[in-house]
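Grab a pencil and work through these short exercises with the model open beside you. Try each task before you read its solution.

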Amino acid sequence: MKFEVILIGGGPVGMMLAGELALAGVKVCVIERLKETTPYSRALTVHPRTLEILDMRGVKSQLISKGRLLSRGHFAGLETPLDFSVLDSSSNHTLFLPQSETEKVLEEWALSLGAEVWRGFEALSVHQDEDGVDVKIAGPHGETTLRSAYVVGTDGARSLVRKSANISFEGTDATFTAILGDAVLSDLAPMSVISRITEKGLVSIMPINDHIYRVLIIDMERRNISKDEKVTLEEFRSSLIRTTGSDLGLNDVKWMSRFGNATRQAGRYRNGRLFLAGDSAHIHFPAGGQGMNVGLQEAMNLGWKLAGAIKGWAPEWLLDSYHTERFPWNTALLRNTEVQTLLLDVTPSITELRSMLADLIQIPEANYQIAAQISAMDVHYAPDAEAPSHPLNGKRFKDLRLQLKDGQLINSYPLLNKGTFLLLQFHSNEPISGQWETYSNLQVLHASLAEADADWNDVHTALIRPDGHIAWAISLSEANPMQKINEGITRWCGDITD
Ligand SMILES: Cc1cc2nc3c(=O)[nH]c(=O)nc-3n(C[C@H](O)[C@H](O)[C@H](O)COP(=O)(O)OP(=O)(O)OC[C@H]3O[C@@H](n4cnc5c(N)ncnc54)[C@H](O)[C@@H]3O)c2cc1C
């Protein structure tokens, strides 16, 4: 087989997953029908947890150099903003960056690691059997069939892979649509921001750069138009006038689009050798800017597990854990977007509810809870049932400041640049060794905490998963740490002395 994994769809999720697989030495190819990245960016927001995972792979700084950092977000456009600056993270901010830029950086990263990206090719059919998957594609020189061990559908909402895998996509159809336009608004002072709800509808205007604004409108007079009906310039201008009182000097419109609140999720994210990630697995109204972020986090969850299956070290349960770990979080995501959608109404009772909620989220704890949800900082997975219990098990791994034996201070995230497991042993104990010291999928580090940290002070040893979650942590009070560490490593990283 020329490729071990084929990814159908080279949007942000496909490119991220291609990078993850290539990093683990998997032969991977992305089949993408577009000859080049679309210049029309749906997503503009990269959230804190996504920035953390990109930091782990050394990609964050490149993205940040192209966009704007913001410490505030919103829930349903309520008057009280969400404060990300209080999150316990080195990425306690969002990044405002057009999706096309994010996609380009991820594509370059994947290519630099050896992934192949076949642009201008369309997948026509996908058939799996016991030993592999056949993908029929059409390209500039006609049709051909590729075979691989696994296929992932990163092919968006209308996913061919989801249909080929007979995976259901249950949920609700759109009950309203909104319009989007990227344009010059020459009557606005540079970098103006407008967010307004009146009986005429909702309008949100933010600067993409010094010249172009992103305009989002839910126009009460036009909210029942089908998503498939093209937005005209006249419609865009009159909706802008209806909701703001003026066309704001609208000119030089770069792009217009209509989108709705259809909300659906795939019944499962895996059927045999076929997987789904990103919009192929879930769609929802883009409230809070979460869809791409969640897809990138799925790519991070799936990549090392799929690589482990191909390299032969992954236990059988690990591949299935992709669905069991991600599905409940995406169910919660769909619910939070539906709640936000309900709040985007202009009736007197909803207006009153909005005002009550805006007051409530002035309470720091309430604000924190919603900020953690929208930014995905609250995501944790079921603790390893066979490991000794510890509050850190399954939680997100934050970027610790560590001190090495020679006194050098380092941050922990760059240690995850290679996409391997990380075994952190703390200096307060005698280092423990085992045959796993030679594992190619595990790095071992002896260090101490540079700063006291209530969550970590009692940790003897912890195993960090390649996706930046804590597989398990063993406490200093553990009677037999050696045995627990050996068992825990074999359970997660396999027995792969090579
Ligand atoms: C108005 C709006 C604003 C948004 N804002 C945000 C935001 O701020 N933050 C956020 O996180 N999310 C946001 N989103 C959601 C985000 O855009 C999507 O979740 C994201 O694009 C999903 O990425 P993906 O890679 O899964 O799918 P897509 O981006 O849809 O990529 C799928 C790719 O697959 C290709 N493809 C499909 N079928 C085939 C085939 N058969 N053969 C070959 N290629 C194929 C397509 O050409 C496409 O390039 C927004 C969405 C909208 C509508």
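**Exercise 1.** Find which residues of H2 and H7 meet.

*Solution.* Start on the H2 side: Arg-49, Thr-50, Ile-53 and Met-56 make the contact (heavy atoms within 4.5 Å). Their partners in H7 are Asn-293, Leu-296, Gln-297 and Met-300. Now sort them: the contact has 4 nonpolar, 3 polar and 1 charged residues. In this sorting, Asp, Glu, Lys and Arg count as charged, Ala, Val, Leu, Ile, Met, Phe, Trp, Tyr, Cys and Pro as nonpolar, and the others, Gly among them, as polar.

A word on the source: this is a predicted model, where local features need pLDDT of at least 70, side-chain atom pairs count only at pLDDT 80 or more, and totals for chains, interfaces and linings use all residues. Residues are numbered from 1 along each chain as its sequence is written, and side-chain values use heavy atoms, with hydrogens and water left out.

**Exercise 2.** Work out at what angle H2 and H7 pack.

*Solution.* First locate the helices (DSSP runs of H or I, at least four residues): H2 covers residues 48-56 and H7 covers residues 291-311. Next, compare their axes, which are lines fitted to C-alpha atoms over the stretch in contact, with angles from 0 to 180 degrees between N-to-C directions. The angle comes out at about 35°, and the axes are 9 Å apart.

**Exercise 3.** Find the backbone atoms that pair with the ligand's oxygen atoms.

*Solution.* Look for polar contacts (pairs of N or O atoms within 3.5 Å). At Met-292, a backbone N or O atom lies 2.8 Å from a ligand oxygen. At Val-13, a polar backbone atom is 3.1 Å from an oxygen atom of the ligand.

Conventions: Helices (H or I, at least four residues) and strands (E, at least two) are DSSP runs, numbered from the N terminus. A polar contact is a pair of N or O atoms within 3.5 Å; within protein, one must be able to donate a hydrogen and the other to accept it, and residues adjacent in sequence count only if both atoms are side-chain atoms.
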